[in-house]
Amino acid sequence: GDGVHFVTVREVGGSNAATFTVLIDDTPPAVLVSSPRNGQFVVATDDAPIAAYDCLDSGSGPATCSGTVAVGQPVSMMPGTQTFSVGATDFAGNLAPGVTNSYYVVEPVSIASPLDPVSIEGPVTISGRATDLSEFAETITVDWGDGTAPEVLNGVSVANFTAEHVYAGPNIYRVTVTVDYEGAFRQQAVSDFVVVYDPTGG
């Protein structure tokens, strides 16, 4: 098995013994990746995760240990699904099974609401966008800020969505949009001043 073995060789008759040390290493290195974490969400406007990983080998020792970027360097922050891989070999030539972590870079939710006051006789329309990840069925929820139940937008893409709402009375409303990535990550955008007025003055 693996480890240091001592081999003794003697001449015929048992004289002139010679002992050799033999290292047997059939076990590949172990790869440990602590950053970026598998399944980690990162907002594109935040600081990039710093690559952190190590390669361990109790036999001949690790000969190579390399990742997508070097230890201590920031990883890619291109919006979408990103992968980070680390591989290693030891001095005996054993190749470690590569470790690949997937992480998700998402842009902040962006929404646009009316800049001018809107008549109570017509709907208020908002539009927005967020990062669409193929691995998730995202849910968009709009809280119109008037005490009605939050509205779930069905059949729309987070990459480009719109929603309409008719208010029952004039006021200044706070609209909150939430994008949920199947519970793995959630982010919000808020419009604080949606002004609705009554043209009749009532």
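Trainee: Where is Pro36 found, and what makes the bond between Ser35 and Pro36 a cis peptide bond?

Mentor: In this predicted model, Pro36 is found in the loop between strand S3 (30–35) and strand S4 (41–43). The peptide bond that joins Ser35 to Pro36 has an omega of about 0°, and the bond is cis.

Trainee: What is notable about the phi of Glu182, and why is Glu182 called exposed?

Mentor: Phi of Glu182 is near 50°, which is a positive value in a residue other than glycine. Glu182 sits in the loop between strand S15 (171–180) and strand S16 (186–197). Its relative accessibility is 52%, and because the term exposed requires a value over 50%, Glu182 counts as exposed.

Trainee: Why is Gly72 called partly exposed, and which residues does Gly72 contact?

Mentor: Gly72 has a relative accessible area of 42%, which lies between the cut-offs of 20% and 50%, and therefore the residue is classed as partly exposed. Gly72 belongs to the loop between strand S6 (62–67) and strand S7 (80–90). Once its neighbours within four places in sequence are left aside, Gly72 is in contact with Ile50 and Ala51. From Gly72 to Pro49 the C-alpha to C-alpha separation is 9.3 Å, although the two are 23 residues apart in sequence.

Trainee: How do you know whether Ser191 is buried or exposed, and what makes its pairing with Ser113 a polar contact?

Mentor: The relative accessible area of Ser191 is 9%, and since buried means under 20%, Ser191 is buried. Ser191 lies in strand S16. The side chains of Ser191 and Ser113 are joined at 2.6 Å, and this distance satisfies the limit of 3.5 Å for a polar contact. Beyond four places in sequence, Ser191 touches Ile111, Ser113, Tyr173, Arg174 and Val175.

Trainee: Why is Val195, another residue of strand S16, called partly exposed, and which residues make the nonpolar surface patch?

Mentor: Val195 has a relative accessibility of 30%, which falls between 20% and 50%, so Val195 counts as partly exposed. The patch, of about 300 Å², is made by Ile172, Phe193 and Val195.

Trainee: How many residues does the largest nonpolar core have, and which have the most contacts inside it?

Mentor: The largest nonpolar core has 29 residues, and those with the most contacts inside it are Val142, Trp144, Val177 and Tyr181. Elements that give two or more residues to this core include S4, strand S8 (99–106), strand S12 (139–143), S15 and S16. Of these, S15 gives the largest share, four residues. Apart from this core lies another, of 13 residues, including Ala51, Tyr53, Cys55 and Ala88. In soluble globular proteins, nonpolar side chains tend to be buried together.

Trainee: What does Val142 touch, apart from residues up to four places away in sequence?

Mentor: Among the residues that Val142 touches are Ile126, Pro150, Leu153, Ala163, Val175 and Val177.

Trainee: How many helices and strands does the protein have, and what share of its residues is buried?

Mentor: The protein has zero helices and 16 strands, and buried residues make up 33% of its 202 residues. Of the contacts between residues at least 6 apart in sequence, 57% join residues at least 24 apart. The accessible surface comes to about 11,300 Å², and 52% of that surface belongs to carbon and sulfur atoms.

Key. Residues numbered from 1 in each chain as written. Predicted model: local features only at pLDDT ≥ 70, side-chain atom pairs only at ≥ 80, totals over all residues. Heavy atoms only, no water. Buried < 20%, exposed > 50% of the residue type's maximum accessible area, 1.4 Å probe, protein only. Core = buried A, V, L, I, M, F, W, Y, C linked by side-chain atoms within 4.5 Å. Contact = heavy atoms within 4.5 Å. Areas by Shrake-Rupley, 256 points an atom, 1.4 Å probe, with all protein chains shown as cover. Polar contact = N/O pair within 3.5 Å; in protein donor to acceptor, adjacent residues only side chain to side chain. Patch = residues over 30% accessible without salt bridge, like charges linked within 9 Å, V, L, I, M, F, W, Y side chains within 5 Å. Salt bridge = Lys/Arg side-chain N within 4 Å of Asp/Glu carboxyl O.
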